[in-house]
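Let's take a walk through this structure together, starting with the ligand and ending with the cysteines.

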Amino acid sequence: MVEVNHDCVFCKIVAGEIPSYTVYEDDQVKAFLDISQVTPGHVLVVPKHHVRDIFVYDEELAATVFARIPKIARAIKASDPQIAGLNICINNGEIAYQTVLHSHIHLVPRYHEDDGFQMKWADNTANYTSDQLADLATKIEHEVAD
Ligand code: 5GP
Ligand code: ZN
């Protein structure tokens, strides 16, 4: 059953209480233009079920939502021959720039280097020994297994 949060802007969009430019919809998922249009064709894909972030997805919801991404991605790319690539981003938590606390996947079409989208990606390779990397991997691996 789809859970709705009446204080949530994306639940209101899903319910049709706030208008949106819909590009795809089925019984579980809705995709619509992001109001900010970082680049033209910037789309948000949301589960209709109100979930805060990736940390609370179960495998069934993940399968449902992520299965829709490739066909929506291909449709965005097909909509404009100038689209050369696509960044797919999910912000989880305020520190990670999440502002709307209903999980959503950004599909941001890329046109050229200065098209409005930026991602800064530090390279800290030199700061880690192989032992430290092995420890980090082991800690995470154990959590996955739990
Ligand atoms: P976040 O920073 O949480 O990953 O992204 C939230 C996104 O939701 C922002 O890119 C913002 O432009 C978009 N957004 C916020 N309110 C609305 C709205 O009412 N309609 C639409 N279409 N997008 C919205
Ligand atoms: Zn919601």
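**Around the ligand**

A polar side-chain atom of His104 lies 2.8 Å from an oxygen atom of ligand 1. That makes a polar contact, meaning a pair of N or O atoms within 3.5 Å. Another polar side-chain atom, this one in Asp34, is 2.5 Å from an oxygen atom of ligand 1. Leu33 joins in with its backbone: an N or O atom there is 2.9 Å from a nitrogen atom of the ligand.

Before going on, a word on the model: it is predicted, so local features need pLDDT of at least 70 and side-chain atom pairs count only at pLDDT 80 or more, while totals for chains, interfaces and linings use all residues. Residues are numbered from 1 along each chain as its sequence is written, chains are lettered from A and ligands numbered from 1 in the order in which they are written, and side-chain values use heavy atoms, with hydrogens and water left out.

Now step back a little. Ligand 1 has 16 residues around it (a heavy atom within 4 Å), and Asp34, Tyr97, Thr99, His104 and His106 come nearest. Helix H1 gives the most to this shell, with three residues.

**The cysteines**

How many disulfides does the structure hold? Zero, where a disulfide is a pair of cysteine sulfur atoms within 2.5 Å. Here's why: the sulfur of Cys89 is 20 Å from the closest cysteine sulfur, in Cys8, which is too far for a bond. Cys8 is buried (under 20% relative accessible area, 1.4 Å probe, protein chains only), at 5%. Cys89 is buried too, at 15%.

Technical notes. Buried < 20%, exposed > 50% of the residue type's maximum accessible area, 1.4 Å probe, protein only. Polar contact = N/O pair within 3.5 Å; in protein donor to acceptor, adjacent residues only side chain to side chain. Helix = DSSP H or I, 4+ residues; strand = E, 2+ residues; numbered from the N terminus.
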